[in-house]
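Student: Could we go through this structure together, one question at a time? I would like to build up a picture of the fold as we go.

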Amino acid sequence: MDDAPGTPDAPNTPDALSSLLDLLDLERIEQDIFRGESSSASAVVPRVFGGQVAAQALVAAGRTVPADRTAHSLHAYFLRPGDPGAPIVYTVDRIRDGRSFTTRRVVAVQHGRPVFHLSASFQTYEEGLEHQSEMPGAPDPETLPTGAELLPRYADRFVHPGVVDRLMEARAAVDLRYVDAPPYAGVGEPREPRSQVWFRTAGKLSDDPLLHVCLATYVSDMTLLDSVLLAHGRGGWTVGDVVGASLDHAMWFHRPFRADEWLLYDQQSPSSSGGRGLGQARIFTRDGRLAISVIQEGVIRVPRD
């Protein structure tokens, strides 16, 4: 995996997806040191989007791993807000190279201080026992409104008139469709702490497995804490009735998948307390295979007057 994540072979790749792939194309500045650019376009708030730094860190780890080993898990902590105006340096520590498993630790640094820490494990393919949770029901993604169709309906809910444009720009590389109304659509109306979205990249990708894992990692940080907000009838940071940020993030990659094909992101929140909220989720392929499990905790605070 010494090469960059592949770029889409299809000639009609949207510019936004090409820009995202460029963002994941890290520069190697030493054997185990990489540099990535930041993007203000990928974040609605004035800091680096957490999914971006997590995906870039996984790219850095993957580039030091033999090609026959694929990522099966990652565990990460968001330490400080990233500066979208400065590059990020990723240092990879080769923790272990075993017969079946490879472990890497990555520290992301900006302005001389760590902003993110990731541990990732990779495994050679092997046969084993098989079972999985059943895929929950959900309508076909083609029947659901796109972001461009949904967001303008709620423009009056957001704290700034430019939020709709910023959200559409931030998610232009991904076709993401809510099964039920998003948190900002039901402010003041608590409901079951569960949210579903379908997503896929807005264009075809190459066959590089690392690229698909990194794109899913990128998207996984977009909506996972929605279920926490739903439980309390809060609209989110774009509405201004909560402030917060991701604290930690864990993912387990169970089965092969493609990020350019529809994936169902089934999310729920079992708890919120102490200014923190927990989200857990499963990601299924359209034909019902459990591809990924995700858990994230975030700071979620009600603003003080």
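Tutor: Happy to! One term first: pLDDT is the predictor's confidence in each residue, from 0 to 100. We need it here, as this is a predicted model.

Student: What is the mean pLDDT of the protein?
Tutor: Of the residues, 93% reach a pLDDT of 70 or more. The mean pLDDT of the protein is 92.

Student: And over which residues does pLDDT stay under 50?
Tutor: Where pLDDT is low, the predicted coordinates should not be read in detail. That caution applies to a stretch for which the model has 31 contacts beyond four places in sequence. The stretch with pLDDT under 50 is residues 1-12.

Student: Now the sheet. Which strands are its edge strands?
Tutor: The sheet is open and has 12 strands, paired antiparallel, in the order S1-S2-S4-S5-S6-S3-S9-S12-S11-S10-S8-S7. An edge strand pairs on one side only. The edge strands are therefore S1 (27-30) and S7 (174-178), since two strands pair if DSSP finds at least two bridges between them.

Student: By how much are neighbouring strands of this sheet turned against each other on average?
Tutor: The value ignores the direction of the strands. On average, the turn between neighbours in this sheet is 25°.

Student: Let me follow some of the pairings. What stands opposite Phe-34 in S4?
Tutor: S2 and S4 are antiparallel partners, with 4 bridges between them. Across this pairing, the residue in S4 that stands opposite Phe-34 is Tyr-90.

Student: Going on from S4 to S5, which residue is the bridge partner of Val-92?
Tutor: S4 and S5 run antiparallel and are joined by 8 bridges. A hairpin links the two strands through 3 residues. In S5, the partner of Val-92 is Val-106.

Student: Which residue in S6 is the bridge partner of Val-106?
Tutor: S5 (residues 101-110) and S6 (residues 113-124) are paired antiparallel over 10 bridges. Val-106 is also the bridge partner of Val-92. In S6, the partner of Val-106 is Leu-118.

Student: At what angle does helix H2 run to S6?
Tutor: H2 (residues 50-62) lies across S2 (33-36), S3 (69-78), S4 (88-97), S5 and S6. Its angle to S6 is about 50°.

Student: Over to the other part of the sheet order. In S10, which residue is the bridge partner of Val-197?
Tutor: S8 (residues 194-201) and S10 (residues 263-273) pair in the antiparallel sense, with 6 bridges. The partner of Val-197 in S10 is Tyr-265.

Student: In the hairpin of S10 and S11, which residue takes a positive phi?
Tutor: S10 and S11 run antiparallel and share 9 bridges, and Asp-266 has Arg-282 in S11 as its bridge partner. The hairpin has 2 residues between the strands. The residue with a positive phi, near 60°, is Gly-274.

Student: Is Gln-268 buried or exposed, or in between?
Tutor: Gln-268 is in strand S10, and its contacts beyond four places in sequence include Leu-278 and Gly-279. The C-alpha atoms of Gln-268 and Gly-279 are separated by 5.7 Å, though the two are 11 residues apart along the chain. Buried means under 20% relative accessible area and exposed over 50%. At 41%, Gln-268 is therefore partly exposed.

Student: What is the relative accessible area of Leu-278?
Tutor: Leu-278 lies in strand S11 (residues 276-285). Among the residues it touches beyond four places in sequence are Val-228, Gln-268 and Ile-295. Leu-278 is partly exposed, and its relative accessible area is 24%.

Student: Now the helices. Within what arc do the buried residues of H4 fall?
Tutor: In H4 (residues 163-170), the residues Val-163, Val-164, Leu-167 and Ala-170 are buried. Seen down the axis, they line one face of the helix, because they fall within an arc of 130°.

Student: Which helix is included in what covers them?
Tutor: The cover of the buried residues of H4 includes a helix spanning 209-223. That helix is H5.

Student: How far apart are Gly-147 and Asp-175, C-alpha to C-alpha?
Tutor: Gly-147 sits in helix H3 (residues 147-150). In sequence, Gly-147 and Asp-175 are 28 residues apart. In space, their C-alpha distance is 7.4 Å.

Definitions and conventions
Residues numbered from 1 in each chain as written. Predicted model: local features only at pLDDT ≥ 70, side-chain atom pairs only at ≥ 80, totals over all residues. Heavy atoms only, no water. Axes fitted to C-alpha atoms, helices over the stretch in contact; angles between N-to-C directions. Contact = heavy atoms within 4.5 Å. Buried < 20%, exposed > 50% of the residue type's maximum accessible area, 1.4 Å probe, protein only. Arc of directions from axis to C-beta.
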